[in-house]
Amino acid sequence: MKIAVYAVRYKGKWNLRLSVDIRVDMTWWLRQGKDQGNAVERWVLLGDELPLSWGVSLCGRFRGLAEMERWGDRQWWAYILSQLKNELVLESSNGERILSGGVENICIWDRQQGWISRTKHGNEGRETIGTVRSIQNRKLATGVDGLDMEGLTGQANELTHLLAGRQLLVPEAEALLAEAAPDLEHTWRSAAQLAYLQGRLSFAAGLAPAPRARWSAARRHELRCNRCGSGKVHRTSCASCGRKACAYCETCLTLGRSRECSLLLRGTAKPAMPRTAEAALAENLDRWGLSPAQRAAAEVALSFLAAPPRRVRKCSRPEGQWQRARELFRRSMRVRQELGAAAAHGSTLAGYKQSSPRSGECAWGVAGRQLPDSAFERFLLWAVTGAGKTEMMFPLLQHVLERGGTALVATPRRDVVLELAPRLAVAFPQVSMVTLYGGSAERWQRGQLTLATTHQLLRYRQAFDLVVIDEIDAFPYHNDPMLAFATQAVCKQEGKFIFLSATPPRPLQKEAARGQLPHAKVPVRFHRHPLPVPIRLGTASVHHWLQKDQLPASFIQHLYISIQRGAQVFLFVTRISHIQGLVKLLIRQLPDIPIAGTSSQDEERTAKVRLFRATEIRVLVTTTILERGVTVPRSDVYILDADSSLFDEASLVQMAGRAGRSKDDPCGNVIFISPQWTSGQKRAIKQIKRMNALARKKGYLKLTKH
Ligand SMILES: [Zn+2]
Ligand SMILES: [Zn+2]
């Protein structure tokens, strides 16, 4: 879109301002009470219809100079041309067309002289033409004098309230208003402009040049998305701002196009939840019926929540950290390219295909660790698979909600949102709750408790006192620092993060081990039996089996045992292309047993998982798509090619975690089948054994023999 830009000298200081309704600014600066009017010394309209990105650039570069007080329209015009030099080069001859009207657009008002005559024309009336035209162009019925400032103040209050804790592009804001305040839907510009002047709303461009640190070799015109943080942009000619090369973000396209010239409205942060010193936290826990291990961990997490914020962060604006985040982003992209395509359980964000949680860099850990000045306070709840982490979340949410705070539970998967929503509604019947996922009808509602999938978070900004990130290692953002970073923006300055995971990314594990990350471990499942420890079976690779058209005898023997004991068999493979061949070989070997294969590309996946749960399928060959979230009683788990680089420690632990989930069959079998004995397999087994040892030491295990 296009926007008006003006400079104002107020109480001896120059400022540059943007405007979506110049009438409001003229009333604010020039026609308000005597005191205000007297304090404004000079007011200069630089352009009434500049591409928004140029207006934002002008503001970013503006430095007031003493001689500006004496500048006439020509000096201001020359100033604009010099400041927009780089932008105009990109547009070649088109730039002049965009700045049509040129020096004529500049209107100067002075406290002593009023509208300053332009010597060339010598006609006093002429100088306001630019402004008058601007008003007419926008088809606004009333002029400067017709503004009802009292009514507008009310509307600005309403808008400020609705946009608090939000960051929205104009179409999103209009959709919100259509639902929440229909009378504002078409007149929001005036209200927004007043709120902007009052400092209760800020304007940003959808995309803006990434700030360049001294040490960075970043190119000059590198852009990043102010909403999602991605640097993946595409340029097209744009009807909205008239430029030939207006860029938009490819990453968050599913939420509507974020352009260089899109106006991003950023509301104020919501006030922080009041914190009081309190001791009696333990009784809060009673109502949730937690096991001793769950309770112990929840108590540690609660004291983390109740502690006063460590200190006020120096950097209140997360933008200050983009530089570092961008560098991490590049690095992770490189790692991803090196890894190539992997088995699919991909992100739903356009432009980001499969990002499997294995390359070394973890956005959450690094962003927090290496930016101590602005790091949010984080807590890791490390609960083994089947520990019942949802139940542990309840007392933490209760703590915040009871104190009038706002809480967000973010989860990478829509099915988890749908499954969790009714449980939360039952746990907190008095609390207003909003459930957000792609296509959710509650998109513009607000509640004290918000349950959302990942990219719904991009519409919030400094909105929550508590942000719970479920399955942090499974987030599409896992290897994407920029997006992880954008997600961090949803937390209030004094808010806190809780990460839930059965398999935290290594950087977080290391931080926890070093004592840099407060954490609690839940080393035992809710049924209080130890985790099944994988055993290893050395065979050739699956590829080799398929070539030979034969399954190894040792593998078959184990399979027979599983089938005979009545277990449901998960067979995890690395490649979708292996599934069909393997199913064929298995059917030949076990002709009486119902066997099926499924993957991310299988439309009947949900149905097959249901049949598997109902024991109508006994052996299910699958990829990591089912490594988490699927709980089937009485399961045995076989991980084929367990030495593959496509299975890292976390995936191996997650897949192993499918076994022994029910209390009727708490010790299922887990078998790693591979030609090589790799460090990934060793670490996974070590992690499982360590958790069992911890559970034993703490006395959490049931005293039965396994
Ligand atoms: Zn974006
Ligand atoms: Zn544009």
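Good morning. Let me begin with a definition: a donor is an N, O or S atom within 2.8 Å of the metal. The structure before you is a predicted model, and I shall discuss its two zinc sites and its nonpolar cores.

I start with the zinc ion designated ligand 2. Its donors follow the spacing C-x2-C-x4-C-x14-C along the chain. Which residues coordinate this zinc ion (ligand 2)? They are Cys238, Cys241, Cys246 and Cys261, each through its SG atom, at 2.3 to 2.4 Å. The 4 donor atoms form angles of 107 to 118 degrees, and the site is tetrahedral. Four donors count as tetrahedral if all angles lie between 85 and 135 degrees, so the site of ligand 2 qualifies with its range of 107 to 118 degrees. For reference, the ideal angle for four tetrahedral donors is 109.5 degrees.

Within this site, Cys246 and Cys261 link distant parts of the chain. Cys246 belongs to strand β11, while Cys261 sits in the loop between β11 and β12, 15 residues apart. Are these two cysteines buried or exposed? Cys246 is buried, at 0% relative accessibility, and Cys261 is buried as well, at 2%.

I turn now to the zinc ion designated ligand 1. Its protein donors are the SG atoms of Cys225, Cys228, Cys249 and Cys252, lying 2.3 Å from the ion. Here the spacing along the chain is C-x2-C-x20-C-x2-C. This site is also tetrahedral, with angles of 103 to 114 degrees among the 4 donor atoms. Cys228 lies in the loop between β9 (223-225) and β10 (233-236), and Cys252 lies in the loop between β11 (246-249) and β12 (263-267); the pair therefore ties together parts that are 24 residues apart in sequence. Cys228 has a relative accessible area of 0% and is buried; Cys252, also at 0%, is buried too.

My last topic is the nonpolar cores. In soluble globular proteins, nonpolar side chains tend to be buried together. The largest nonpolar core in this model has 94 residues, and those touching the most other members are Leu397, Phe428, Leu449 and Ile639. Where does this core lie? It lies between domain 3 (283-522) and domain 4 (535-697), because both domains give residues to it. Setting aside neighbours within four places in sequence, Phe428 is in contact with Trp288, Phe394, Leu397, Gln398, Leu401 and Leu449. Apart from this core lies another, of 74 residues, including Ala7, Trp77, Val170 and Ala205.

Thank you for your attention.

Methods
Residues numbered from 1 in each chain as written. Chains lettered and ligands numbered in written order. Predicted model: local features only at pLDDT ≥ 70, side-chain atom pairs only at ≥ 80, totals over all residues. Heavy atoms only, no water. Donors = N, O, S within 2.8 Å, 3.2 Å for Na, K, Ca; no water. Tetrahedral: all angles 85-135°; square planar, octahedral: opposite > 155°, others 65-115°. Helix = DSSP H or I, 4+ residues; strand = E, 2+ residues; numbered from the N terminus. Buried < 20%, exposed > 50% of the residue type's maximum accessible area, 1.4 Å probe, protein only. Core = buried A, V, L, I, M, F, W, Y, C linked by side-chain atoms within 4.5 Å. Domains from an automatic or database assignment. Contact = heavy atoms within 4.5 Å.
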